[in-house]
Protein chains: 2
Amino acid sequence: MLEKVDLNRKMGKKEYKEWMDDLQPKLSYLQRACKEQKIPVMIVFEGFGAAGKGTLINKIIEPLDPRGFSVYATAVETKEEKMHPFLWRFWTKIPSQGRIAIFDRSWYRRVLVDRFDGVTTKEQLDYAFGEICSFEKQLTDDGMVIIKLFADVSKKEQKKRFDKLLEDKKTAWRVTKDDLARNKHYEEYLAMNEEMLEKTDSEYAPWHILECTDREYAAAKMTEIVVSVLEQAIADKKAEQEKREQEKTKAQEIKQEKDTLQEAGAASQKEQVLKSSVLAGVDLSKKMEKEEYKKELARLQARLSELHNELYKYRIPVVLAFEGWDAGGKGGAIKRLTQALDPRGYQVNPVAAPNDAEKTHHYLWRFWKQFPKDGHVAIFDRSWYGRVMVERIEGFCQEEEWKRAYHEMNEMEEQLAHHGTIVLKFWMHIDKDEQERRFKERMENPAKQWKITDEDWRNREKWDAYEKAVDEMLIRTSTTYAPWILVEADCKYYARIKVLRTVVEAIEKRLKEEKERK
Amino acid sequence: MLEKVDLNRKMGKKEYKEWMDDLQPKLSYLQRACKEQKIPVMIVFEGFGAAGKGTLINKIIEPLDPRGFSVYATAVETKEEKMHPFLWRFWTKIPSQGRIAIFDRSWYRRVLVDRFDGVTTKEQLDYAFGEICSFEKQLTDDGMVIIKLFADVSKKEQKKRFDKLLEDKKTAWRVTKDDLARNKHYEEYLAMNEEMLEKTDSEYAPWHILECTDREYAAAKMTEIVVSVLEQAIADKKAEQEKREQEKTKAQEIKQEKDTLQEAGAASQKEQVLKSSVLAGVDLSKKMEKEEYKKELARLQARLSELHNELYKYRIPVVLAFEGWDAGGKGGAIKRLTQALDPRGYQVNPVAAPNDAEKTHHYLWRFWKQFPKDGHVAIFDRSWYGRVMVERIEGFCQEEEWKRAYHEMNEMEEQLAHHGTIVLKFWMHIDKDEQERRFKERMENPAKQWKITDEDWRNREKWDAYEKAVDEMLIRTSTTYAPWILVEADCKYYARIKVLRTVVEAIEKRLKEEKERK
């Protein structure tokens, strides 16, 4: 994309002033409009050193309300950041709806500067392009506007600017050895930039090239691009809202039409019998006696305790997600795990409905924030899978949203696994009768009454709908890198031991691989 | 995805009959409805050998009108097919709007059977998953419905079925050595299937698993899936049409709103100056005198003639696409190329508005059909780039369609290049005055009058809009694997020689690499 760019573009001071006088108030207005329309915006600056990214960022924020944006300079990963998947530090920084996040260098470091400097390994590079595209796709699907600006200068112009900076003691420190190396091997670095542009230019997050030889031209063009992208985003958002309103009224009609096509009653009965019933195949008669349970529990907890140290030593992160029917025994199973763990090395994350701050972000944001660093264990009591269960069934998200969620969650877990995380997901399974028994017990036992609410009884009425959603979830998201474990949980003893044993075995297996590798 | 599947699912004969009596007439109706709604459908059968794919296909076509579907059995690539990118044989078989194409094995061979049998190389495998996903995405974005069915049986059941076939002389031939090898190494083959499912299950083309232990159950479930997917597709299509109607009436309003936001006149003037003007940077004063031209022409044509033989010998395919202003000299340049080529080894494809058959397919389909086999040259006089020029400007396609086309065309060219094709794209550039001069000459010269129509004059009025579209096209689609060459064409001699020289040099470079590799 760069070879066709004409780096001789220029603009006179007077012309520049006229344009900025026109564009900047617009930008200021657009920031407010984005806030009102709840549109989150990310502006990414990449490009050659000394192209003037810093000056450009100053120009773009000039007309903005400082309460509405954040600027992030992206340096080499810190020790802490290295202990997470590479996109973690960006996931945790995505702006909430209506805010603007500006990145001076970004996730593209991985395939540009860090690649050139030899920080990125060959294997990391192979994955990086795919991970970047999926990151941008997931965010823009969710309504994020991503504006990617590439600051372009020639080898000669770059050299001239470095020389000028080096002449003056006050600015010489800004030119690093690596900067000079990238100038010296400009062609090689250029090829990396070209590859990056080719692999990451997309309709949902296209690149815009800024010809930076002339600073005025670059600033004016940048402002014009941001203004027109935001104008378009606001128009699109309004159009979409109107459409959604109309759809709501249409939905009824369409439903009726579909019903006549398939005689709803009969068909849904059919569906019931024909569906891939993973859950129906679970053998709930599995049991364990108290005595054996106690023995096994002691043995496995002792082993897990040892393994927790090893995890820390080998810097292996672990993510354990628990889902299951209400009263399925998630809490009890988690407790038996944490009893064996050093409290400084794990975190239990209870997941309820998202709070206000979480609601203004992508639905996966709050989980990204909670993922463990290397050597630590994160346990989720309920998880991101709410998207394809309660949110699907209660209509808290659009159909297209939960449908694409399977893939999004698989991608997220693959990134965790690729980083080296052990990812296990447990479905605590009981039958409907057992649930009723447990609900009643909870109501009768004063010590357990807090555990049961009217909502639990309401959810129970939707058992069939949940069963269908869970079945689809288990099939579409049980992967080699992040499997679902179906836990037969009518007998609590059996269930807890199965969970413990699965975790112990998974860690042992990984440690064995790790030791063989070294 | 497979490990959670319960292969013990069964259905009684009586129940089966009741269901099929209900589902088959529906399917028959839905085929007609898809035809009416112009929905193209692809049904893909993959899965384990002896799972009963053949029987299932027979069941699915039973209620269908045979004039409306085609069944394709996908064997190992023929010699002819090997001489094209691997998806070529499927691109050429995509159904037109309203038709159904059924694939007994499909493009997934590449990552399953052919992978297991060692036909697919490691390098091909690395690319294949990405190419498959982009293929399915491009088609479904265009309205194709893709139903992917995976026929699952256990190792034991498969063995039993093979044994039974082998017992009888009449059926023994159906079990190949490779089938038995895949049964013997079932676990290894299973892992390949799991990887495939994980990497290609998407919201636009999800997989459906068929438990095939019981043939009745499998057939009923398959029919149910196809019926419900098609019902949904028809409902979606109708909803989309209504939306589009409403959008049309809305479009005006939104446009007005945008206009007030950006004071259209001033802004578009601004855009004019700020845009990345690739074309403005072209030096049209470049010239060549007739004498030098004649000498160079003779030399280069002689060289190209030699090279054409080499291309054939080394089995290298070449794709040359010509775009440019009307009267830019495309025809003349192409003629100077073909004069040097053996007519058995090249094809010139003039590209005009799509015909009726082409209109009922994906817009890239007609070009896929024309791509050359190994060792051949295909020259396109105008090309797929019409999508982002005339179709964009005249509103022949939706905005989202031309916006995603840059990426789609890049993906297509990358697939060609990855297969080994030399891909060059020429933009024949003249200025507006030169065009006027040539138009007038054409009108005055009786021998050239056929070359000029009223439409040419009308297009000329849209010069500025075209210039903007061409600039964006050149930047977004000039890639390392398929570069755009800007040809300064005010002087025809200069232009023709530049085209010839570029082609000669590109072939020489490739042959050198090819020879070094061997």
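Start by selecting B:Glu123, B:Tyr127, B:Glu131, B:Ser134, B:Gln138 and B:Asp141 in α6(B), then add B:Arg404, B:Glu408, B:Glu411, B:Gln415 and B:His418 in α18(B): the two sets meet, contact meaning heavy atoms within 4.5 Å. Helices (H or I, at least four residues) and strands (E, at least two) are DSSP runs, numbered from the N terminus. The model is predicted: local features need pLDDT of at least 70 and side-chain atom pairs count only at pLDDT 80 or more, while totals for chains, interfaces and linings use all residues. Residues are numbered from 1 along each chain as its sequence is written, chains are lettered from A and ligands numbered from 1 in the order in which they are written, and side-chain values use heavy atoms, with hydrogens and water left out.

**Stop 1: α6 and α18 of chain B**

Stay with these residues and colour them by class. The contact of α6(B) with α18(B) divides into 1 nonpolar, 4 polar and 6 charged residues. (Ala, Val, Leu, Ile, Met, Phe, Trp, Tyr, Cys and Pro count as nonpolar, Asp, Glu, Lys and Arg as charged, and the others, Gly among them, as polar.)

Now show both helices whole. Two packed helices are described by the angle between their axes and the distance between the axes. Here α6(B) and α18 (residues 399–419) pack at about 145°, and their axes are 11 Å apart. Axes are lines fitted to C-alpha atoms, for helices over the stretch in contact, and angles run from 0 to 180 degrees between N-to-C directions. The crossing of α6(B) and α18(B) is left-handed; that is, the near helix is turned anticlockwise from the far one by less than a right angle, whereas clockwise would be right-handed.

**Stop 2: the sheet beside α6 in chain B**

Keep α6 (residues 122–141) of chain B and add β1 (41–47) and β4 of chain B: the helix packs on their sheet and touches both strands, and its direction makes about 135° with that of β4(B). In what order do the strands of this open sheet run? Across chain B you will read β2-β3-β1-β4-β5, with parallel pairing; two strands pair if DSSP finds at least two bridges between them. At the edges stand β2 (69–73) and β5 (207–211) of chain B, each with a single partner strand, so one side of each is left without a neighbour in the sheet. Neighbouring strands are turned by 20° against each other on average, direction ignored.

Zoom in on β4 (residues 145–152) of chain B, which 5 bridges join to β5(B). Pick B:Asp152 there, and you will find its bridge partner, B:Glu211, in β5(B).

**Stop 3: another sheet, in chain A**

Move to chain A and select β7-β8-β6-β9-β10, the order of the 5 strands in an open sheet with parallel pairing. Its edge strands are β7 (346–350) and β10 (484–488), each pairing on one side only. The twist averages 20° from one strand to the next.

How many bridges join β6 (residues 318–324) to β9 (residues 422–429) of chain A? There are 7, and the two strands run parallel. Click A:Phe322, whose bridge partner in β9(A) is A:Phe426. Then bring in α22(A), which packs on the sheet and touches β6, β9 and β10 of chain A; its direction makes about 165° with that of β9(A).

**Stop 4: α14 against α22**

Add α14 (residues 330–338) of chain A: its axis and that of α22 (residues 492–517) come within 9 Å and cross at roughly 45°. The two helices are therefore oblique to each other, a class for angles left over once those under 35 degrees count as roughly parallel, over 145 as roughly antiparallel and 65 to 115 as roughly perpendicular. α14(A) passes α22(A) in a right-handed crossing. Where they meet, select A:Gly332, A:Ala333, A:Arg336 and A:Leu337 on one side, and A:Arg496, A:Val499, A:Leu500 and A:Val503 on the other. This contact has 5 nonpolar, 1 polar and 2 charged residues.

**Last stop: both chains**

Zoom out. Chain A superposes on chain B by a rotation of 180° with 0.0 Å of shift along its axis (RMSD 0.1 Å), fitted by least squares on the C-alpha atoms of residues with pLDDT of at least 70 in both. The two copies are thus related as by a two-fold rotation axis. To find that axis from chain A, centre on A:Lys243, whose C-alpha is the nearest in the chain, 3.7 Å away.
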